[in-house]
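Please examine the protein shown here together with its sequence. The report that follows begins with a single residue and then turns to the whole chain.

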Amino acid sequence: MNVFDQMMSRYEILSENDKRNAIHEVMQEITLAGLYRSGFFDKAAFYGGTCLRIFHSMQRFSEDLNFSLVANVDLFNLEDYFPAIIAEFKAMGRDVAITKKVKNISGNVESAFMKENTEIYDLAFQTEQTIKIKIEVDTNPPLEFHTEQKLLLQPFSFMTRCFILPDMFAGKMHALLFRNWKTRVKGRDWYDFEWYVRNQVPLDFNHLQVRARQFNGIDMSKEEFIYKLKTRLSSTDIELVKRDVAPFVKDETMLEIWYNDYFIQLAGMLKFL
């Protein structure tokens, strides 16, 4: 059994959706390994839902790899790190292609989340183009966040530089408040919000303010933030929220308690750093 198959054997696969989620996660871990070998984490840090899944055992799968530079630099080219990623997959007996994703800031996604200084690429198996992950790097990031080194044991032992949880929480709250998906609600934001509150992670409100200033040009007090959050939680179609996240969780019964009032009560349990 090769290393790729060993990594796949960790998962209980009972459906095609289970298999797809498992392949995504193995691809993500191999990509992180390639980035580590290339020295990428000297300049950048990992955050987002996939980071929560891989390093903090969150029980939902995630598709994307989100990174932020840890400082503003004049020259950064994500493509410089692609040979190491491709070589890592090649060592597993897999060929991958990495292609630049054309950003459509006039579509349904709020333009603040698709700014010009965000590099986005798709990584896919050359033999299975439908299995792909998105790699996104913010090259002009909102700063004033903190990082830590997290250990991953497969495909080999290595460290990944990650945002600390309170700063990831701030990024998630910014997304939940300001992401504009119209009818395509991103229920995974709601799942992550619930996870942070349940795990008593405090919110780094300072970093949330930095993000709101840079992306949206606004300043918020904590009271204004809570008001905006409860307004979003009470006014969103909860069925659309559940429909989005359902393919990424093993046990859909956990979504039965998901009503607008449930999330409003969670908002009342928020703790600040």
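R10 is in contact with V26, E29 and Q154, leaving aside its neighbours within four places in sequence; contact means heavy atoms within 4.5 Å. This is a predicted model, in which local features need pLDDT of at least 70 and side-chain atom pairs count only at pLDDT 80 or more, while totals for chains, interfaces and linings use all residues. Residues are numbered from 1 along each chain as its sequence is written, and side-chain values use heavy atoms, with hydrogens and water left out.

**R10 and its surroundings**

R10 is located in the loop between α1 (3-8) and α2 (16-37). Helices (H or I, at least four residues) and strands (E, at least two) are DSSP runs, numbered from the N terminus. With a relative accessible area of 40%, R10 is partly exposed. Here buried means under 20% relative accessible area, exposed means over 50%, and partly exposed lies in between, with a 1.4 Å probe and protein chains only. R10 and G34 are 24 residues apart along the chain, and 21 Å separates their C-alpha atoms.

**The chain as a whole**

The protein chain contains 10 helices and seven strands. Its radius of gyration is 18 Å, close to the 19 Å that the globule rule gives for 273 residues, so the chain is as compact as a globular protein of that length. The radius is taken over C-alpha atoms, and the rule is 2.2 Å times the number of residues to the power 0.38. Along the principal axes, the C-alpha atoms fill a box of roughly 50 × 50 × 35 Å. Of the 273 residues, 53% count as buried. Among contacts between residues at least 6 apart in sequence, 69% join residues at least 24 apart.

**Strands β1 and β2**

How many bridges join β1 to strand β2? There are four, and the two strands, β1 (residues 44-47) and β2 (residues 64-69), run antiparallel. Two strands pair if DSSP finds at least two bridges between them. Within this pairing, Y47 stands opposite N66, and A44 has L69 as its bridge partner.

Both strands are covered. In β1, A44 and F46 on one side and A45 and Y47 on the other are all buried. In β2, six of the six residues are buried: D64, N66 and S68 point one way, and L65, F67 and L69 point the other way.

**Backbone features in loops**

Most residues other than glycine have a negative phi, and most peptide bonds are trans. Two residues with a positive phi are listed below.

| Residue | Phi | Loop | Relative accessibility |
|---|---|---|---|
| S57 | near 60° | between α3 (49-56) and β2 | 51%, exposed |
| Q200 | near 55° | between α6 (187-198) and α7 (205-216) | 60%, exposed |

Where does P155 lie? P155 is in the loop between β6 (147-152) and β7 (158-163). A cis peptide bond, with omega about 10°, joins Q154 and P155. Q154 has already appeared in this report, among the contacts of R10.
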